[in-house]
Amino acid sequence: MKKIILSLALFALAFSGYSQGIAFGPKVGLSQTKLDLKSDAFKNGESKFGYHVGAFARIGLGGLYLQPELLFTQTQGQFSFDDGVGAIKEYEADFNRVDIPVMVGFKMFNLLRVQAGPIASINVKSEIKDAMDTVQDVDYNNATIGYQAGLGVDIGNLYIDAKYESSLDKISGNVGNFSTDQRTNQWILSLGFRLF
């Protein structure tokens, strides 16, 4: 993971010499997350809301731009387990992580932005609320890689982004004694404010 962060930093620095302006500022937003376990033992639940807060930079590269971000993200997911004797138990998982998306985009019609890129997620603390014997011992990965894609609009110093995110790596391969391919998918709405 350290290699990924270092590579992203070097990538940003390498292009900064070719940049046509650098913007920087805080960023906050909301997300709607759906947990996908891909397991016969568990049923995926409803979408849950989360939030993120951090900072972004935007580096102009001719007709393109590079936008790295550093965000603390809190998301949730819901799933249920049927024990086979009529008892269905619902669980909620909390995910606290540091996200490092790096968007590459371009402007259309001098207003709308189109962007996409990779995201590295570092697990800070993830857990299942009220875990019982069936769902205990979940081994969450320390880091995962995913992707984001979406649209954005700039209104003065206010940057608005709407993106979809999905994981390329599973965040966990098991829940209790059951094998899973656990991933998160989310819709994200963010507001950034350009300080300079």
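Helices and strands are here runs assigned by DSSP, numbered from the N terminus, a helix having at least four residues and a strand at least two. On that basis, the elements of the chain follow the order α-β-β-β-β-β-β-β-β-β-β from the N terminus on. The count is therefore one helix and 10 strands. The model described in this report is predicted.

**The chain as a whole**

The chain has 196 residues, of which 43% count as buried. Its exposed surface comes to about 10300 Å², and carbon and sulfur atoms supply 61% of that area. Contacts between residues at least 6 apart in sequence were also examined: 65% of them join residues at least 24 apart.

**An aromatic pair and the charges over its tyrosine**

Three aromatic pairs are found in a search of the whole structure. One of the three consists of Phe56 and Tyr159, whose ring centres lie 5.4 Å from each other, with 55° between the planes, a tilted arrangement. This pair links distant parts of the chain, since Phe56 belongs to strand E3 (residues 48-61) and Tyr159 to strand E8 (residues 158-167), 103 residues apart.

Are the two partners buried or exposed? Phe56 counts as buried because its relative accessibility is 2%, and Tyr159 is likewise buried, with a relative accessible area of 6%. The cut-off for this class is under 20% relative accessible area.

The ring of Tyr159 also has charged groups over it. The charged end of Arg58 sits over this ring at 4.0 Å from its centre. The charged end of Arg113 sits over the ring of Tyr159 as well, at 5.9 Å from the centre.

**Gln67 and its surroundings**

Arg58 leads on to a glutamine. Gln67 is located in strand E4 (residues 64-82), and its relative accessible area of 1% is why Gln67 is classed as buried. Its side chain makes a polar contact of 2.9 Å with the side chain of Arg58, and another polar contact, of 2.8 Å, joins the side chains of Gln67 and Glu69. Beyond its neighbours within four places in sequence, Gln67 is in contact with several residues, including Phe56, Arg58 and Arg113, and also Pro101, Met103 and Asp161.

**Gln148 and the E5–E6 hairpin**

A second glutamine, Gln148, lies in strand E7 (residues 143-155). Gln148 has a relative accessible area of 4% and so is buried. Which side chain does the side chain of Gln148 meet in a polar contact? The partner is Lys163, at 2.8 Å. With residues up to four places away in sequence left out, the residues that Gln148 touches include Pro101, Met103, Ile119, Lys163 and Ile188.

Pro101 stands opposite Ile119 in E6. Strand E5 (residues 88-108) and strand E6 (residues 112-128) pair in the antiparallel sense over 14 bridges. Three residues lie between the strands of this hairpin, where Phe109 takes a positive phi near 60°.

**Side-chain polar contacts of the two glutamines**

The table sets out the polar contacts described above.

| Side chain | Partner side chain | Distance |
|---|---|---|
| Gln67 | Arg58 | 2.9 Å |
| Gln67 | Glu69 | 2.8 Å |
| Gln148 | Lys163 | 2.8 Å |

Pro101 and Met103 appear among the contacts of Gln67 and also among those of Gln148.

How values were computed. Residues numbered from 1 in each chain as written. Predicted model: local features only at pLDDT ≥ 70, side-chain atom pairs only at ≥ 80, totals over all residues. Heavy atoms only, no water. Phe/Tyr/Trp six-rings, centres within 6.5 Å; stacked < 30°, edge-to-face > 60°. Buried < 20%, exposed > 50% of the residue type's maximum accessible area, 1.4 Å probe, protein only. Lys NZ or Arg CZ within 6 Å of the ring centre and 35° of its normal. Contact = heavy atoms within 4.5 Å. Areas by Shrake-Rupley, 256 points an atom, 1.4 Å probe, with all protein chains shown as cover. Polar contact = N/O pair within 3.5 Å; in protein donor to acceptor, adjacent residues only side chain to side chain. Pairing = 2+ DSSP bridges.
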